[in-house]
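Me: I'm new to reading structures and would like a close look at one part of this one. Could you walk me through its aromatic rings and what lies around them?

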Amino acid sequence: MMPLRIITIYRTFTPQDNNTPKAKFESQLELIRLSVTNNTIILGDFNIDFSRKFDTSFANKNLFNDFETSLAHFGLYQHVDFPT
């Protein structure tokens with residue numbers, strides 16, 4: 001049996017490492033992309049309102065593109081589809 005890999009993420013609004021929030025998010029996505037296996041669960045808070053994905057007035061709309069570019073080919077599914 002392949003070991004289960006659990007990846008956790010919190011997309012912060014104020015990174016502590018002198019990065020912009022977008023640069024930090026891109027870095028997090030890259031780490032996830034490099035770490036995903038066939039037996040991975042990703043937990044955490046991306047702080048992206050997926051219900052606004054097609055809302056052109058959404059200030060963080062570019063984050064959807066970053067997410068899709070990095071992780072779309074893994075076929076991930078968002079189980080939580082309501083505000084928490």
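Reply: Here is a walk through the aromatic rings, followed by the helix that carries one of them. Keep in mind that this is a predicted model.

Let's start with how to read a ring pair. A pair of aromatic rings is described by the distance of the centres and the angle of the planes. In this model the count comes to 5 aromatic pairs. Take F46 and F67 as one example: their ring centres are 5.3 Å apart and their planes stand at 90°, so the pair is edge-to-face; the cut-off for that label is an angle over 60 degrees. Where do these two rings come from? F46 belongs to the loop between β2 (40-45) and α2 (61-71), while F67 is part of helix α2, so the pair ties together parts that are 21 residues apart in sequence. Both F46 and F67 are buried.

Now look at F50 and F64. They also make an edge-to-face aromatic pair, with 5.3 Å from centre to centre and 65° between the planes. F50 sits in the loop between β2 and α2 and F64 in helix α2, so this pair ties together parts that are 14 residues apart in sequence. Are these two residues buried or exposed? F50 has a relative accessible area of 26%, so it counts as partly exposed. F64 has a relative accessible area of 3%, so it counts as buried, the cut-off being under 20%.

You can now put these residues together: F46, F50, F64 and F67 join F25 and F58 in one aromatic cluster. F25 has a charged partner too, as the charged end of R11 sits over its ring, 5.7 Å from the ring centre.

F25 also leads us to helix α1, where the buried residues are F25, Q28, L29 and I32. These cover an arc of only 100° around the axis, so they lie on the same side of α1. What do they pack against? The buried residues of α1 pack against β1 (5-10), β2 and α2. On the face turned away from that buried side, α1 carries the exposed residues L31 and L34. As for its length, α1 (residues 21-35) has 15 residues and reaches 21 Å from its first C-alpha to its last, close to the 21 Å expected at 1.5 Å a residue.

One last stop is N60, which is found in the loop between β2 and α2. N60 is partly exposed, with a relative accessible area of 28%.

Notes
Residues numbered from 1 in each chain as written. Predicted model: local features only at pLDDT ≥ 70, side-chain atom pairs only at ≥ 80, totals over all residues. Heavy atoms only, no water. Phe/Tyr/Trp six-rings, centres within 6.5 Å; stacked < 30°, edge-to-face > 60°. Helix = DSSP H or I, 4+ residues; strand = E, 2+ residues; numbered from the N terminus. Buried < 20%, exposed > 50% of the residue type's maximum accessible area, 1.4 Å probe, protein only. Lys NZ or Arg CZ within 6 Å of the ring centre and 35° of its normal. Expected span 1.5 Å × (residues − 1). Arc of directions from axis to C-beta. Contact = heavy atoms within 4.5 Å.
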